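Me: I am new to this structure and would be grateful for a guided set of questions and answers about it. Please show it to me before we begin.

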Amino acid sequence: MDEIDRRIINALQTGFPISERPYLETARALGLSEQELLDRLDRLLKDQTLSRFGPLYDAEAMGGALTLAAIRVPDERFEEVTNIVNAFPEVAHNYARNHVLNMWFVLATETPAQLQQALISIENQTGLTVYNMPKITEYFVGLKLEA
Amino acid sequence: MLDARDFELLTEIQSGLPISPRPYHEIGQTLGMPEAEVIERLTFLKQTGLIKRLGVIVKHRQLGYRANAMIVWNIPDALVKTLGGRISRSTFVTLCYQRPRTTEWPYNLYCMIHGKDRDTVLAQLEQLSVDCNLDQFDREILFSRRCFKQRGALYRPVVAPAKPPEFAHG
């Protein structure tokens, strides 16, 4: 990845035009030719520097439901509980974190009712309390992981 | 509101836009929709916020961001909106949410900082604390130890079935 790749990634994290020639517009703003931008994006996707080039949807606006949940898992049960939680297709991310609440995961479902059901099922299968922390407000972040 | 054509469009583009000079024309060809209609519908979907963002989705680790910390604060309810707004404008904060407190968990404001290493993240957090005057509030820093699972959330539009796209955090 060189300086031009970095500029492309940084510019395209903030948005992409919805117009007839969006790559041409973006390329001009970056001082590149359209073909060079296309070639570089293609390569960055193929070598997996970028996971995707496209939309990020608002799951809730789509009628879906999302939440962040946490469990206090006893050390000796950590692997067992991880396997139970990860087996749920509703679990999108699951992280071990350095706290007494040591397992944190994101649940995403098509409907709010399914979310509640998944939370109950995880409690039933693990025998542990699941702390549900749905968002109240999301503060807008411009997004930038500077390349 | 949204109609079946909007959902077809959302389903068609969710795995990515074509990397070619006229991507919206190409999408239209697949769906039997004129380019102008694709552009009009996507512009609307973006304006309504249903498409939160259009552009590159990066892999943190590929860019060298190996440390990820979730920082939680207990902020008085009267201040949480103002401080959430200020924290989210910091250049290195990648996510910022207000969430409910629970009996065992007094924290109500969450942010994520992705950094190249732990020391950088801690230094950024200190700067954030100074800039937003956060030292007076109880907080905890939860670094991730292991990532067990990471995938796009399952999304099946009302009309058409789809492959998993990616969402921001819950």
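Me: Which residues of H3(B) does H1(B) meet?

Reply: The model is a predicted one. From H1(B), the residues that take part are B:Arg5, B:Asp6 and B:Leu9. Their partners in H3(B) are B:Val38, B:Arg41, B:Leu42 and B:Leu45.

Me: How are H1 and H3 of chain B oriented where they pack?

Reply: Helix H1 (residues 4-13) and helix H3 (residues 35-47) of chain B have axes 11 Å apart and pack at an angle of about 85°. Angles of 65 to 115 degrees count as roughly perpendicular. H1(B) is therefore, relative to H3(B), roughly perpendicular.

Me: In chain A, how are H2 and H3 oriented to each other?

Reply: The axes of helix H2 (residues 22-30) and helix H3 (residues 34-46) of chain A come within 8 Å and cross at roughly 100°. The contact involves A:Tyr23, A:Leu24, A:Thr26 and A:Ala27 of H2(A), together with A:Glu34, A:Glu36, A:Leu37 and A:Leu38 of H3(A). With that crossing angle, H2(A) and H3(A) are therefore roughly perpendicular.

Me: How far apart are the C-alpha centres of the two domains of chain B?

Reply: The domain assignment of chain B gives domain 1 (4-47) and domain 2 (60-143). The C-alpha centres of these domains lie apart by 36 Å.

Me: What is the corresponding separation of the C-alpha centres in chain A?

Reply: For chain A, the assignment gives domain 1 (3-46) and domain 2 (65-133). Between the C-alpha centres of domain 1 and domain 2 of chain A, the distance is 39 Å.

Me: Where do the buried residues of H4(B) lie around the axis?

Reply: Helix H4 (residues 77-88) of chain B has 12 residues and reaches 17 Å from its first C-alpha to its last, close to the 16 Å expected. Its buried residues are B:Leu83, B:Gly84 and B:Ile87. Because they cover an arc of only 110° around the axis, they lie on the same side of H4(B).

Me: Which residues are exposed on the other side of H4(B), and what covers the buried ones?

Reply: The cover over the buried residues includes strand S6 (137-138) of chain A, along with strand S3 (93-98), strand S4 (109-115) and helix H5 (118-132) of chain B. On the other side of H4(B), the exposed residues are B:Ala78 and B:Thr82.

Me: Is B:Leu109 buried or exposed?

Reply: B:Leu109 belongs to strand S4 of chain B. Among the residues that B:Leu109 touches are B:Val72, B:Trp73, B:Leu83 and B:Gly84. Because 25 other C-beta atoms lie within 10 Å, and 20 or more are required, B:Leu109 is buried.

Definitions and conventions: Residues are numbered from 1 along each chain as its sequence is written. Chains are lettered from A and ligands numbered from 1 in the order in which they are written. This is a predicted model: local features need pLDDT of at least 70, side-chain atom pairs count only at pLDDT 80 or more; totals for chains, interfaces and linings use all residues. Helices (H or I, at least four residues) and strands (E, at least two) are DSSP runs, numbered from the N terminus. The expected span of a helix is 1.5 Å times one less than its number of residues. A residue is buried if 20 or more other C-beta atoms lie within 10 Å of its own, exposed if 12 or fewer, and partly exposed in between; C-beta atoms are placed from the backbone. The arc is that of the directions from the helix axis to the C-beta atoms. Two residues are in contact if their C-beta atoms, placed from the backbone, lie within 7 Å. Domain bounds come from an automatic or database domain assignment. Axes are lines fitted to C-alpha atoms, for helices over the stretch in contact, and angles run from 0 to 180 degrees between N-to-C directions. Angles under 35 degrees count as roughly parallel, over 145 as roughly antiparallel, 65 to 115 as roughly perpendicular and the rest as oblique. Lists of a residue's contacts leave out its neighbours within four places in sequence.
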